[in-house]
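Biologist: Could you take a close look at one buried position in this model and then follow the packing outward from there? A connected account of the contacts, helices and strands would be preferable to a list.

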Amino acid sequence: MHFKDKVIYQAYTKSFNDTDGNGYGDIKGVTEKLPYLKKLGVDMVWLNPFYVSPQNDNGYDIADYKAIDPMYGTMEDVEEMIAVGKEYQIDFMFDLVLNHTSTEHAWFQKALAGDKKYQDYYILREAVAGQEYPTNWDSKFGGPAWQPFGDTGKYYLSLYDPTQADLNWRNPEVRKEAADIVNFWMDKGVKGFRLDVINVIGKDEKLINSTGDIDQEKSLYTDKPIVHEYLRELNHNSFGQDPEIITVGEMSSTSIESSIEYSNPKNDELTMVFNFHHLKVDYPNKEKWTKAPFDFLELKQLINDWQIGLGENGGWNALFWNNHDQPRAISRFGNDTQYREKTATSQAHILHFLQGTPYIYQGEEIGMTDPHFTELEQYRDIESINAYKQLKEKGVPHAEAMAILAQKSRDNSRTPMQWNAKENAGFTEGTPWLQVAHNYPEINVERELAEGEIFPYYQRLIQLRKERKIIREGSYQPMFLEHEQLWAYRRILDDEEIITFANFYGKPLKVDLSSEVADQAWHYLLGNYGEKSFNMTLELEPYEAISFEYKS
Ligand code: NOJ
């Protein structure tokens, strides 16, 4: 199938490449770097939202779905980018936020002005007798999920920032608008869509209080069966009409069962799903805003469960370590100083040999790290700033709150792309909207291309996926799932097999393979410490990853 050999690159538009000196990345900046992305070997570029927006949530608060925010450029720039992309055989995946609009969107403004048609575009309710709001739900960025709707006495639902108003998908007009937006961009030649928090679009007519338990509360509006109907309708009325289009649904707190349904091609919903369970293994008791080590066994187990769950039931995984909402995996799960290169290549190795579609987040291919910010003033992200305030209210001392932000903030991955050792890492000639990480003189594209080992490793991994059907389509089986330092699995296709081993830590490792691996003529395929011959006593250096193959 066409999407199975693709590798997708995520460029966080705002931080990728600024060509006009305003301190924000822009569309022309993406076009300018297409040769670089071609060199890496990716097939598609996912761009975070660049539509007109007040930027309260960095563009996930859209005020006009069909216009480009001037800070990012013009519609002509977008058309040019798509056209130049074609020359490089690079397609684009646009990010559509269809669960909510900015309160500055014309629909919301008309609704506020009293237009009944547009009032039915949003989820407006009266407070329930005896309580302040229609329900007791919390917004995901802190505070109540309801905001006063002008002076009507009603409240509008806002599951994220108060300036992001949830759309009412029960209204067929809203669903038509959604399809119309997708079709508008398809007509411009866009070949992929990432659908923001798309599994929370199905709200019930009657909304009820939660018990106060966070999971129970989410279940009241997440993964509702109606979401499948809405997606099928959207698919039939827009992207499903072009078999070349790739879609990925960003799924908040989803399950394997629901994700099989979302991504099974038989259902005409989406191509694949992003789930986040593996990126919550450092949230003790589900609490994100605390400093905590990650649970390696849980991490492996989750990836394993999703590989098997979706792989054996007709679903399809999107594979990723990083995105703009997560701290960088190199700092989070590895060693971002002494073993930075080996951490980067071993993480890439583990992910790219799995079944699914790999996503590379900007900077991953050169081993960019978290910036390790120490001052609140260095942060821009609304969620992080709210979290800081809440931590302070709970009495957490400033230094500890800063340490928590440094570990968990979304700004960790949003710092500008490090292109070279010049001022501001070559990202902008102006003042960057978010400070560049301190280590850009050592970690940057120019240096990596000249003498680095990470970029070439990514090139090879991408190439291998294209060459080997087994990497794309082979079945997956775990090995040594209970091992506390080793990550190992096999892929099988007909008479072929690939076995992959990775030492997830900085101390050397020795394992007797005989309980899991047949002693046969295994050939070296790829490793981040170079070629080694197979041995039933496997010895791995710090952060070493290696794969062997066998064909009978
Ligand atoms: C998920 C996006 O990735 C995130 O950045 C955003 O804040 C929320 N959805 C709300 O749109």
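Modeller: In this predicted model, Tyr 359 touches Ile 8, Trp 46, Met 93, Val 248, Met 272, Phe 274, Ala 318, Leu 319, Phe 320 and Glu 364, when residues up to four places away in sequence are left out of the count. Tyr 359 itself belongs to strand S15, which covers residues 357-361. Its relative accessibility is 2%, and because buried means under 20%, Tyr 359 falls in the buried class. One of its partners, Trp 46, is 313 residues away in sequence, yet the two C-alpha atoms are 9.0 Å apart in space.

Beyond strand S15 the chain enters the loop that leads to helix H14 (382-393), and His 372 is found in that loop. His 372 has a positive phi near 55°, although it is a residue other than glycine. For comparison, most residues other than glycine have a negative phi. With a relative accessibility of 39%, His 372 is classed as partly exposed. Gln 89 is a further non-glycine residue with a positive phi, here about 55°. Gln 89 sits in the loop between helix H4 (75-87) and strand S5 (91-96), and at 56% relative accessibility it is counted as exposed.

A second buried side chain worth examining is Arg 332, which is part of helix H12 (residues 329-332). Its relative accessible area is 11%, and Arg 332 is therefore buried. Leaving aside residues up to four places away in sequence, Arg 332 touches Leu 279, Lys 280, Asp 282, Tyr 283, Phe 294, Gln 326 and Pro 327.

Helix packing can be described next. Helix H10 (residues 256-263) and helix H11 (residues 296-311) have axes that come within 9 Å and cross at roughly 45°. This angle makes H10 oblique to H11, and the crossing is right-handed. On the H10 side the contact involves Ile 256, Ser 259, Ile 260 and Ser 263, while H11 contributes Asp 305, Trp 306, Gly 309 and Leu 310. Sorted by class, this contact contains four nonpolar, three polar and one charged residues.

H11 also provides a link to the sheet. The sheet is open and has five strands in the order S16-S17-S18-S22-S20, with antiparallel pairing. Its edge strands are S16 and S20 (523-527), each of which pairs on one side only. From one strand to the next, the twist averages 20°.

The strand pairings can be followed from the S16 edge. Strand S16 (residues 475-479) runs antiparallel to S17, and five bridges join the two. Tyr 476 has Arg 491 in S17 as its bridge partner. The hairpin of S16 and S17 has six residues between the strands, and there Phe 480 takes a positive phi near 45°. Strand S17 (residues 486-493) is mostly covered, with seven of its eight residues buried. S17 then pairs with strand S18 (residues 496-503) in the antiparallel sense over eight bridges, and Leu 486 is partnered by Asn 503 of S18. Two residues lie between the strands in the hairpin of S17 and S18, where Asp 494 takes a positive phi near 50°. S18 continues the sheet by pairing with strand S22 (residues 545-551), again in the antiparallel sense and over seven bridges. Phe 501 has Ile 546 of S22 as its bridge partner.

Helices H11 and H18 pack against these strands as follows. H11 lies across S16 and S17, and its direction is at about 10° to S17. Helix H18 (residues 454-467) packs on the sheet by touching S20 and S22, and it makes about 130° with the direction of S20.

H18 in turn meets helix H13 (residues 340-352): the two axes come within 10 Å and cross at roughly 10°. Angles under 35 degrees count as roughly parallel, so H13 and H18 are roughly parallel to each other. From H13, the residues Arg 340, Glu 341, Ala 344, Thr 345, Ala 348, His 349, Leu 351 and His 352 meet Ile 454, Tyr 457, Tyr 458, Leu 461 and Arg 465 of H18. By class, the contact of H13 with H18 is made up of seven nonpolar, three polar and three charged residues.

Notes
Residues are numbered from 1 along each chain as its sequence is written. This is a predicted model: local features need pLDDT of at least 70, side-chain atom pairs count only at pLDDT 80 or more; totals for chains, interfaces and linings use all residues. Side-chain values use heavy atoms; hydrogens and water are left out. Axes are lines fitted to C-alpha atoms, for helices over the stretch in contact, and angles run from 0 to 180 degrees between N-to-C directions. Helices (H or I, at least four residues) and strands (E, at least two) are DSSP runs, numbered from the N terminus. Angles under 35 degrees count as roughly parallel, over 145 as roughly antiparallel, 65 to 115 as roughly perpendicular and the rest as oblique. A crossing is left-handed if the near helix is turned anticlockwise from the far one by less than a right angle, and right-handed if clockwise. Contact means heavy atoms within 4.5 Å. Ala, Val, Leu, Ile, Met, Phe, Trp, Tyr, Cys and Pro count as nonpolar, Asp, Glu, Lys and Arg as charged, and the others, Gly among them, as polar. Buried means under 20% relative accessible area, exposed over 50%, partly exposed in between (1.4 Å probe, protein chains only). Two strands pair if DSSP finds at least two bridges between them.
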